[in-house]
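The following exercises concern a molecular structure and are to be solved with its sequence and coordinates at hand. Each task is followed by a worked solution.

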There are 2 protein chains.
Amino acid sequence: MHDVAVQAGVSRGTVSRFLNGQRYVSDDARQAIEAAIVKVGFVPNRAARSLVMRRSQAVGLIVHEPHSLFVEDPNIGSILLGANETLSEADYQMATLIADSPRDIARLGNYLSGGLIDGVIIVSAREGDAITRAVSRLDIPAAYVGHPRDIGQAAYVAIDNRRAAHAITTRLRETGRSRVGMIAAALDRDSGADRLAGFTDALGDAFDASLVEAVPLYSYGDGQAGMRALLARHPDLDGVFASSDAVAAGAVDVLQASGRRIPEDVGVVGFDDSSWAMRCEPALSTVRQPAGDLGRAAAAAVLRQIDGDPATGEGTLLDCPVIWRGSA
Amino acid sequence: MHDVAVQAGVSRGTVSRFLNGQRYVSDDARQAIEAAIVKVGFVPNRAARSLVMRRSQAVGLIVHEPHSLFVEDPNIGSILLGANETLSEADYQMATLIADSPRDIARLGNYLSGGLIDGVIIVSAREGDAITRAVSRLDIPAAYVGHPRDIGQAAYVAIDNRRAAHAITTRLRETGRSRVGMIAAALDRDSGADRLAGFTDALGDAFDASLVEAVPLYSYGDGQAGMRALLARHPDLDGVFASSDAVAAGAVDVLQASGRRIPEDVGVVGFDDSSWAMRCEPALSTVRQPAGDLGRAAAAAVLRQIDGDPATGEGTLLDCPVIWRGSA
DNA sequence: CTCGAATCTGTGAACGTGCACAGATGATGA
DNA sequence: TCATCATCTGTGCACGTTCACAGATTCGAG
């Protein structure tokens, strides 16, 4: 910066003001500096800026998932890309942090308190999560994708899982299906629990707990297992709501292997609108998750907090349309 | 750090030496400093360290792919996780940089020259890539995953696509298949081109160009389209080597829809050992890509260069076993 | 006992930026 | 003409480290 100042015939202070777009820079100085920057090939040193500003211009994105899920779940990738887009427009660097083992989580605590990170986006936290505790203790700008109930006043961005599940279940019943079951995955996450809640709501008095099969993860294998269990209890079942497309795909394969036709004998609906949906025959009815928008909105929320807006505890719920295709 | 020094009754210099694990720190000083660090709650300021060291302790990972592929391709996710693992063990932060539009690429050039990044890992570069040019011009530590031919002396880590393709093709012929076709995707990448080269090699004089159908991407849709084209030209074909599992899955569906049995009538082999492989009926024979290891090895190569080892132009080829399942 | 080497310690000067402050200039109004 | 104000500019200090260097201490060998 010193070289630029000399070259332009002004002082460091003026160059600094120019670079930060502040007032009180004359047109003459402006032009001289612009030319000098090109000539010198100047690139600002971010480390020095961080040092004096006490800002790192970086936002962490914590993914609390096992490695395997990180690789497979397309929503996570989209959230990541969306967040990255918004952050890089604001000249922030996104740092993706994977939290898998307890060791990872411990290291994360250090990392977050090290001043390397101005804020953090947390994806797929569970209730009672160690990461949630660490983040709220450190009191750094944060936004959650999804909303575990115990995040206090922190910002969150989510889809209305409950409403979508309600809409699906209602439609299944309105199209004449009377014995609708659910394969309810990932009940330890708010997303999974809310989808079940919407299902239960919609059925009201007609709800029968034996028509729900809980499985651990949003995976194809869990879908197969869940469907087998459900069929064993209710061979006459005529509708299935699965917590994810992968689960639905597993269910479809088991149903078809048992000789049932879809959608004639059993209607199936998934969740995510992932690549699984179009691979099923017939194509899956499902819920489109605006994953990119979730990432963008979460990033925007963190940036607002970094700029001084206090977190109000209000969250944003994004729209997630149900896509009706051939499977129900 | 000053506070720690005062608390421990030593000087900043001694604290610095202690923190960096250098020689010439007495046991007394060591213990006093350890206690003081805990008491003061000291966390080193990385910005200040970067400033004086001219090191950012960060490595960029550039993914030159359209956003959609980034989300879908499980290999990229695994490479990313592997690299992250090695880097974070060495206390380096990984910054994932997505290059999609030309605008992204331009911004990337600035970014890389800004001193924010000590080195860079490049995934899925093509020959004649603008990113490759930028990286070699800037002369920063770099490692490629895959090996485009024009990366000069830069380090690379790849699998032996050619040898694997050769093995597959040979085995298809040895099991009695005489009219083996190939759906050759992504010929603009070295991975795609090498798989085709291995196929061609293995056939030798028996090679028939009309048995190869080139398609743009490693996708399911391209697999369907490629298979239809191949079948139209060679209805009597009895083996197919597809450049990826997604392509193979598309091919399988088209073949089965046309009434052909797999593997009795046509043998099919994919590439990647991704989740597509187990979803096919019968399960796909395929090649296991050690994607995590690719990431780890690339990260290690960059770290070596950062530590001063010059790039020798030698690459690493990792083993990729062929997994024989039901489809061939 | 002396000298040199090895070990340990403290000090001051960087690194490249932002910011507060003081000073300079020109315009405006009394 | 002089005070007031807005605009513009330059200077020195601070941010929290690392590193080179000089000084202090200890130890062993001659």
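The conventions come before the exercises.

This is a predicted model, in which local features need pLDDT of at least 70, side-chain atom pairs count only at pLDDT 80 or more, and totals for chains, interfaces and linings use all residues. Residues are numbered from 1 along each chain as its sequence is written, while chains are lettered from A and ligands numbered from 1 in the order in which they are written.

**Exercise 1. Relation of the two chains**

Determine by which turn and shift chain B can be laid on chain A.

Solution.
Step 1. Superpose the copies by least squares on the C-alpha atoms of residues with pLDDT of at least 70 in both.
Step 2. A turn of 180° and a shift of 0.0 Å along the axis lay chain B on chain A with an RMSD of 0.1 Å.
Step 3. This is the relation of a two-fold axis.
Step 4. Both copies use the same surface, since 100% of the contact residues of chain B recur in chain A.

**Exercise 2. The contact between the chains**

Establish how many residues of chain B are in contact with chain A, and which elements of chain B supply them.

Solution.
Step 1. Count two residues as in contact if their C-beta atoms, placed from the backbone, lie within 7 Å.
Step 2. On this criterion, 26 residues of chain B are in contact with 26 residues of chain A.
Step 3. On the side of chain B that touches chain A, at least two residues each come from H4, helix H5 (67-72), helix H6 (74-89) and strand S2 (93-99) of chain B. Helices (H or I, at least four residues) and strands (E, at least two) are DSSP runs, numbered from the N terminus.
Step 4. By class, this side of chain B holds eleven nonpolar, 13 polar and two charged residues. Here Ala, Val, Leu, Ile, Met, Phe, Trp, Tyr, Cys and Pro count as nonpolar, Asp, Glu, Lys and Arg as charged, and the others, Gly among them, as polar.

**Exercise 3. The surfaces near the DNA**

Find which helix gives the most to the surface near DNA strand C, and which supplies the largest share near DNA strand D.

Solution.
Step 1. Take a residue as near a strand if its C-beta atom, placed from the backbone, lies within 6 Å of it.
Step 2. DNA strand C is surrounded by 26 residues, the closest being Met1(A), Asn45(A), Ala48(A), Ser11(B) and Gly13(B). H4(A) gives the most to this surface, with five residues.
Step 3. DNA strand D is likewise surrounded by 26 residues, the closest being Ser11(A), Gly13(A), Met1(B), Ser16(B) and Asn45(B). Here H4(B) supplies the largest share, five residues.
Step 4. The surface near DNA strand C has 13 nonpolar, eight polar and five charged residues; the surface near DNA strand D divides into 13 nonpolar, eight polar and five charged.

**Exercise 4. Strand pairing**

Give the strand order of the open sheet of six strands in chain A, and then the side-chain directions in strand S8 of chain B.

Solution.
Step 1. Two strands pair if DSSP finds at least two bridges between them.
Step 2. The order in chain A is S2-S1-S3-S4-S5-S11, with parallel pairing. Strand S2 (93-98) and strand S11 (316-318) of chain A are the edge strands, each pairing on one side only.
Step 3. Within chain A, strands S1 (residues 58-63) and S3 (residues 119-123) pair in the parallel sense over five bridges; Val59(A) has Gly119(A) as its bridge partner in S3(A).
Step 4. In chain B, strand S6 (residues 180-185) runs parallel to S8(B), joined by four bridges, and Val180(B) stands opposite Gly239(B).
Step 5. From strand S8 (residues 239-242) of chain B, Gly239(B) and Phe241(B) point one way and Val240(B) and Ala242(B) the other way; all are buried (20 or more other C-beta atoms within 10 Å of the residue's own, with C-beta atoms placed from the backbone).

Notes: A residue is buried if 20 or more other C-beta atoms lie within 10 Å of its own, exposed if 12 or fewer, and partly exposed in between; C-beta atoms are placed from the backbone.
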